[in-house]
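Here is a small set of exercises to work through with the model open beside you. Try each task before reading its solution.

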Amino acid sequence: MGYVDEDRDEPGGGGARTAPESDWEREPHPSDSLRTFGAVVQALREHAGLSRAELADRVRYSKHTVESVELGRRMPDEAFVERAEVALGNTGAIRKAARHLSRGEAGLAAWFRRWARLEREAASLCTYECRLVPGLLQSEGYARAVFEGTIPLRTDEELEVQLGARMERQELMRRRPTVPFSFIVEEHVFRRRFGDAEAMCGLLDHVLERSAPRNVTLQVVPLEGGLHACLDGPVRLLETHAGQRIGYSEGQQNGRLITDRKEVGLLCQRYETLRSQALSPTDTRALLERLRGEL
């Protein structure tokens, strides 16, 4: 099942081995499935009237391990799953939940992971941005500058992990040349300076290259375009191969997946209206080339 060993007793051991918290092997990026599995274990334990210490005795793991699993901080191994199943009623719930366990995706914010998985399989993708260059179009230098400027500050290692995840996510566009990608971006986003002129040229060259394929459409909302219907903030939209439309909006330290048909329909109307107000793809390329020439 792809589990990793916990602080399980050696064969013939006489009880749970406890270890200081500093020795625990935690998941650096807890996934939704880990948290869900932990919630199932905790709910069944509480229904059985057991404390964490009592469950730890029954599964022959430390109380700290039980706590870490319940909080989604550790990937349980197969022995933990089987012993917890027996200890908590043998209903099959824990075994079934364990089948869906997966690790977190390094470098992606927890609230963005579900959307990242959906966009990998989408039949079409639309993005409106008014804050920064969309992640799928960012140059490596631009992405690095974004991550370096975030608070709290990242370590060099964390920054490289995030940068690697951003660049890997961009491969989605190369691997799916028949999927339509539509981007609408405010002009001021491309005018916001970072680094020196060379870095800005690198960004604009990268955006022009990434938006050149026939399946990619990039449109800029010009500064003189005035107010429009998407001023509530950035939004992403996708359509699945089954025909379902899904939206995603993101703010400070959070993101929201939108599946309500009426709400998604409204966002699609706003996006299509803005598409008609933005510059054409040809005029957009001319604008970006002009901005590059001004550097």
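Please keep in mind throughout that this is a predicted model.

**Exercise 1. The largest cavity**

Task: Find which elements each supply at least two residues of the lining of the largest cavity, and describe that lining by class.

Solution.
- Step 1. The elements to pick out are α6 and β1, each of which supplies at least two lining residues.
- Step 2. Now look at the whole lining: W115, E119, L125, T127, P134, G135, L136, R169, F183 and R236.
- Step 3. Sorted by class, this lining holds five nonpolar, two polar and three charged residues.
- Step 4. The space enclosed comes to about 70 Å³.

**Exercise 2. The second largest cavity**

Task: How many cavities of 30 Å³ or more does a search of the whole structure find, and what lines the second largest cavity?

Solution.
- Step 1. The search returns two cavities at that cut-off.
- Step 2. The second largest cavity has a volume of about 40 Å³.
- Step 3. Around it you will find T127, Y128, E129, R131, P234, V235, R236, Y248, S249 and E250.
- Step 4. Two or more of the lining residues come from each of β1, β4 and β5.
- Step 5. The classes are four nonpolar, two polar and four charged.

**Exercise 3. The sheet and its helices**

Task: Work out the order of the strands in the six-stranded sheet, then place the helices α6 and α8 on it.

Solution.
- Step 1. Reading across the open sheet, the order is β3-β2-β1-β4-β5-β6, with mixed pairing.
- Step 2. At the edges stand β3 (216-221) and β6, each pairing on one side only.
- Step 3. Ignoring direction, neighbouring strands are turned against each other by 15° on average.
- Step 4. Take one pair as an example: β1 (residues 124-129) and β4 (residues 235-239) run antiparallel and are joined by five bridges. Here C126 of the pair stands opposite L237 in β4.
- Step 5. Helix α6 (residues 113-121) packs on the sheet and touches β1, β4, β5 (245-251) and β6. The direction of α6 makes about 40° with that of β4.
- Step 6. Helix α8 (residues 156-175) also packs on the sheet, where β1, β2 (181-186), β3 and β4 are touched. The direction of α8 makes about 125° with that of β2.

**Exercise 4. Two helices in contact**

Task: Decide whether α2 is roughly parallel or roughly perpendicular to α3, and list the residues that make the contact.

Solution.
- Step 1. Helix α2 (residues 52-59) and helix α3 (residues 63-70) pack at about 105°, and their axes are 8 Å apart.
- Step 2. Angles of 65 to 115 degrees count as roughly perpendicular, so α2 is roughly perpendicular to α3.
- Step 3. From α2 the contact uses R52, A53, L55, A56 and V59, and from α3 it uses K63, V66, E67 and E70.
- Step 4. These contact residues divide into five nonpolar, no polar and four charged.

**Exercise 5. The second largest pocket**

Task: Which element gives the most to the lining of the second largest pocket, and which residues lie nearest its centre?

Solution.
- Step 1. The pocket has a volume of about 190 Å³ and is lined by 13 residues.
- Step 2. Nearest its centre lie D232, G233, V235, L267 and R270.
- Step 3. The elements giving two or more lining residues are β6 (254-258) and α11 (261-277).
- Step 4. Of these, α11 gives the most, with four residues.
- Step 5. By class, the lining has seven nonpolar, two polar and four charged residues.

Conventions. Residues numbered from 1 in each chain as written. Predicted model: local features only at pLDDT ≥ 70, side-chain atom pairs only at ≥ 80, totals over all residues. Heavy atoms only, no water. Axes fitted to C-alpha atoms, helices over the stretch in contact; angles between N-to-C directions. Parallel < 35°, antiparallel > 145°, perpendicular 65-115°, else oblique. Contact = heavy atoms within 4.5 Å. Nonpolar A, V, L, I, M, F, W, Y, C, P; charged D, E, K, R; others polar. 1 Å grid on protein atoms, 1.4 Å probe; cavity = no way out; pocket = protein on both sides within 12 Å on 5 of 7 lines; lining within 4 Å. Points joined across faces, edges and corners; volume = space filled by probe spheres on them. Pairing = 2+ DSSP bridges.
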